[in-house]
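This briefing sets out the overall form of one protein chain, then its strand pairing, and then selected backbone and burial details. Please read it alongside the sequence and the coordinates.

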Amino acid sequence: MPAAAPAPGAVTAVDGAAFPAVAAAYARLTEAFPGLTVTELTSGEAAPRGDGWVAAASLAAGAAELDAFLAWDEEQVVRDYGQRARPDVVATFGLHRYAWPACLLITAPWFLLRRVPRFPVGCVSYRRAEGTMALAVRTGEFACLPGDPAATLPGARVVADEDALRAEVRAAVAEHLEPVLGGFGPRMRRRGRALWGMATDEIVEGLWYVGGLLGEEERAVRELGLLLPGTTRPYAGSAGFRELTGPAGESLPTRDRASCCLFYTLRPRDTCVTCPRTCDADRVAKLTAATAS
């Protein structure tokens, strides 16, 4: 089982030196989900390059490095499904595979420690391989609540209350993703609201999944509902959670995605359980089968 979360606001020290304010959250994230690792770079440490690493700023630029990044997704589709995907489908898959873990850089520390780091696009690098993802980040400014011991650390910025901290989460994700969406958007043939619908889904589904791994799914659903009530621009749509009733009267949690991942273009009969194209009857059948297995 994952280790218990640090007490709210706790700052752990080793040999008299405080850990960075969000390191404990990333450690617990990796403990629950070993397929994702986060490395915090020291002040004089260069961001990793080569061996599959790509700078988030390069993805945002939308040039040759984005082409190379999406070649991985194109090859994966051919290998796993025996067919080529449309270029916009490949780009949609690629954005999802970056944005899902990138959002957790911000939402995991908020969920676990009530601290919200800022990561401008130049502060993040990403590497993926089959079944694993790695992020290297340069941490700096972060928001926290009054009374948090981390408020005395360099880069801390105290905000008034939980509502203000939720606003910090939304702003931090938007700050990081807006240039990335700009790089991917033309390849995906999507603009504005459609792109921010994808951003909404990445925030929600990443933390929902990790909350389940941590044994805190109900709290994750509740927190995400408050974070994304549906009226917070630039995001499109709400967290979208609702419940269905199973064949034995059981409650089956689901959500309505604000966007479509386009997987149906490869397997029309195998849509995601939260896909706008999946009717409630099919959702119940999928969720019941998943529970039984």
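For the 293 residues of the protein chain, the rule for a compact globule gives a radius of gyration near 19 Å, and the chain agrees because its own value is 19 Å. The model is a predicted one. Its protein chain comprises eight helices and eleven strands.

**Overall form and surface**

- Along the principal axes, the C-alpha atoms of the protein chain fill a box of roughly 55 × 50 × 35 Å.
- Of the 293 residues of the protein chain, 47% count as buried.
- The protein chain exposes about 13500 Å², and 55% of this area is supplied by carbon and sulfur atoms.
- When contacts between residues at least 6 apart in sequence are considered, 65% of them join residues at least 24 apart.
- The protein chain carries 31 positive and 34 negative charges, and the mean positions of the two sets lie 6 Å apart.

**The four-stranded sheet**

- Four strands form an open sheet with mixed pairing, in the order E3-E7-E6-E4.
- E3 and strand E4 (54–55) are the edge strands, each of which pairs on one side only.
- Strands of a sheet pair through backbone hydrogen bonds, in either the parallel or the antiparallel sense.
- E3 and strand E7 (residues 132–137) run parallel and are joined by five bridges; within this pairing, Thr-39 has Ala-136 of E7 as its bridge partner.
- At the other edge of the sheet, E4 pairs with strand E6 (residues 124–129) in the antiparallel sense over two bridges, and Ala-55 stands opposite Ser-125 in E6.
- In a regular strand the side chains alternate between the two faces of the sheet.
- Strand E3 (residues 36–40) shows such alternation: Leu-36, Val-38 and Glu-40 point to one face and are buried, whereas Thr-37 and Thr-39 point to the other face and are not buried.

**The E10–E11 hairpin**

- Strand E10 (residues 241–245) pairs with strand E11 (residues 251–255) in the antiparallel sense over five bridges.
- The bridge partner of Arg-242 is Thr-254 in E11.
- Five residues lie between E10 and E11 in this hairpin, and Gly-249 in the turn has a positive phi of about 85 degrees.

**Backbone exceptions in loops**

- Most residues other than glycine have a negative phi, and most peptide bonds are trans.
- Arg-114 is not a glycine, yet it has a positive phi of about 60 degrees. Arg-114 belongs to the loop between helix H4 (87–113) and strand E5 (115–117), and it counts as buried because its relative accessibility is 16%, with the cut-off set at under 20%.
- Leu-262, likewise not a glycine, has a positive phi of about 75 degrees. Leu-262 is found in the loop between E11 and helix H8 (280–292), and its relative accessibility of 9% means that it counts as buried.
- The peptide bond joining Arg-233 and Pro-234 is cis, with omega about 10 degrees. Pro-234 is placed in the loop between helix H7 (217–227) and E10.

**A buried glutamine in helix H3**

- Gln-76 is located in helix H3 (residues 64–81).
- Gln-76 counts as buried because its relative accessibility is 5%.
- Apart from neighbours within four places in sequence, Gln-76 is in contact with Tyr-81 and Arg-97.

How values were computed
Residues numbered from 1 in each chain as written. Predicted model: local features only at pLDDT ≥ 70, side-chain atom pairs only at ≥ 80, totals over all residues. Heavy atoms only, no water. Rg over C-alpha atoms; globule rule 2.2 N^0.38 Å. Buried < 20%, exposed > 50% of the residue type's maximum accessible area, 1.4 Å probe, protein only. Contact = heavy atoms within 4.5 Å. Areas by Shrake-Rupley, 256 points an atom, 1.4 Å probe, with all protein chains shown as cover. Lys, Arg positive; Asp, Glu negative; His and termini not counted. Charge placed at Lys NZ, Arg CZ, Asp CG, Glu CD. Pairing = 2+ DSSP bridges.
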